[in-house]
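I opened this notebook to look up two things, how a pair of helices packs and how a strand sits among its partners.

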Amino acid sequence: MSAVGTHAWTRVEAPAAPGPGATLRAEWVKFWTVRSTPWSLAAMFLLGAGLTTLVCALSAEALARGDVGEPVGAFATWGVVFAQVTAVVLGALVVTGEYGTGMIRATLAATPRRGAVLAAKAAVLASTLFVAGTLTALAGYLGGNWFLDREGIGLALTDDGVLRSMVGSGLYMAGLGLFAAAVGLLVRHTAAALAIVLGLVFVVGNLVMVLPGAWGEWATKLMPGNAGSAVATPESFNPLLLDPWVGFAVFVAEVAVVLAVAAAVFTRRDA
Amino acid sequence: MITAHRLTKTYGDRTAVDGVSFTVEPGRVTGFLGPNGAGKSTTMRMVLGLDRPTSGSVTVNGRRYADHPAPLREVGALLEARALHPGRSARDHLRWLAASNGIPRARVDEVLDLVGITAVADQRVGRFSLGMGQRLGIAAALIGDPPVVVLDEPVNGLDPEGIRWVRTLARDLATEGRTVFVSSHLMSEMALTADHLVVIGRGRVLADCPTAEFVAQHAASHVRVRSPQHDEVATLLRHQGLDVAAHGGELRVRGLDPAGVGELVGRSGLLLHELTLVRSSLEDAFMTLTADSVEYAGASR
């Protein structure tokens, strides 16, 4: 490569197309070189694993006596409810962080194929959240179960739904992050994206439970946070929810629709 | 080489760029000059495939920007208003850019060195001064060693030393045979940097010519004459076929230099109080040329 100003510049050969992994590598570097990523993941671990352990420690005795009235399995991934906030934040920031700073123009100038940019972002985000979510759930289970075991109500990893809930936590986090990223792509604003996704998952998802009759029942079952989270716990607090994998399939379909709309808008809109 | 053909961009009922055609040739610095809001940045975004033209087309080295397999190795661009994440270090910013186009890692250190920010390469760019941010932007533009370099308002906010640095760099890049396209709203800056000018106002090309020609055409001069015998002097000079305009107590004479005017007046025995050559600045010429378009844009909002 020539140094500017020292000699005549001549092109030796036409530049080769970068390999298929180039966009993915670029997004990977971007993802890990802003502080919001390690902070979000650390917060996920502390909230997810920490709260699960804490709540199990505090309620193990009452659970053992049988006066809680809730299934023990619902406690094994208790912290996921709070840890999911960090997945939403990380997912939104991966996209809106670029719009807020103007970085998106540099990104699209470097890789004009917008579909490739979106796919690479989604792959980096989802794979990281899957691993982090699974490890968080596993650590929470190990920590919490130590206290449950002491009261003789511990769960084995091989018990019904326990291992599934560990992997399910990772899957749910990945889906939630993608959902937030897709909404971020549509609104291009961090606060707006967070308000919409957290509002849907935490507020609207619970409000629809008070709707009357079958209407309310189905709205509750189908809200993304409700449908998707059942897979992340061995046994749910809410017996109304869809079966774990059925619910997760509904959740995946919902995320896929929002992502598809976001992708269509993203590829057509001016940067 | 950049070729724009009847390039047009409308936002709703507002036309930002209106049928613009021009060619940016390699081996020289082409200035893209226009007042703020004239459509410079919109045009540059269309060159880079960031905005989609409403009609018309623009190609870089014969292809649409998006059709280049490794665009950073074809076109390097400094975008307006820092397209950077403030939390990322300069080195990391260049690292992801290099990765995206299959550019070797070693090039990151090369361009850091080239723009002189190696010492602060690991600091977060949010802490950078405007000048350092601009240097990083230029490092990013050069990372792919591209034959075409596009700089949008590169001297905005720079101190005199920084301005001179950008000017020298642009000239060096052109001397190396690259295509250099630099936008600015400062006529005086472009007169020093650019070999060729594309002047734009209200989304239309107002002039497309060598800088020297533009200067000769538009930077007109006149001789300012003051005399206690104002009217007699005016009549005398007009009889010699000169263009004489009265402005308050002074006469503005075009078509002859001060020596000639002085001799004419002296031979007729009239008195002179002042005889001055007034060069209208390039900035004035630019203002005159773009005045209509600016006013129109202001009124249409």
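The entries below follow the order in which I looked things up.

I note that this is a predicted model, in which local features need pLDDT of at least 70 and side-chain atom pairs count only at pLDDT 80 or more, while totals for chains, interfaces and linings use all residues. Residues are numbered from 1 along each chain as its sequence is written, and chains are lettered from A and ligands numbered from 1 in the order in which they are written.

Entry 1, helix packing. I looked up α3 (80-101) of chain A and found that its axis and that of α6 (residues 162-187) of chain A come within 7 Å and cross at roughly 40 degrees (axes are lines fitted to C-alpha atoms over the stretch in contact, with angles from 0 to 180 degrees between N-to-C directions). That makes α3(A) oblique to α6(A), oblique being what is left after under 35 degrees (roughly parallel), over 145 (roughly antiparallel) and 65 to 115 (roughly perpendicular).

Entry 2, strand burial. I found 6 of the 6 residues of strand β8 (residues 196-201) of chain B buried, that is, with 20 or more other C-beta atoms within 10 Å of their own, C-beta atoms being placed from the backbone. Both faces are covered, with His196(B), Val198(B) and Ile200(B) on one side and Leu197(B), Val199(B) and Gly201(B) on the other.

Entry 3, strand partners. I saw that β3 (residues 29-33) of chain B pairs with β8(B) in the parallel sense over 4 bridges (pairing needs at least two DSSP bridges), and that Phe32(B) stands opposite Val198(B). Strand β9 (residues 204-210) of chain B runs antiparallel to β8(B), joined by 6 bridges.

How values were computed:
Buried ≥ 20, exposed ≤ 12 C-beta atoms within 10 Å, placed from the backbone.
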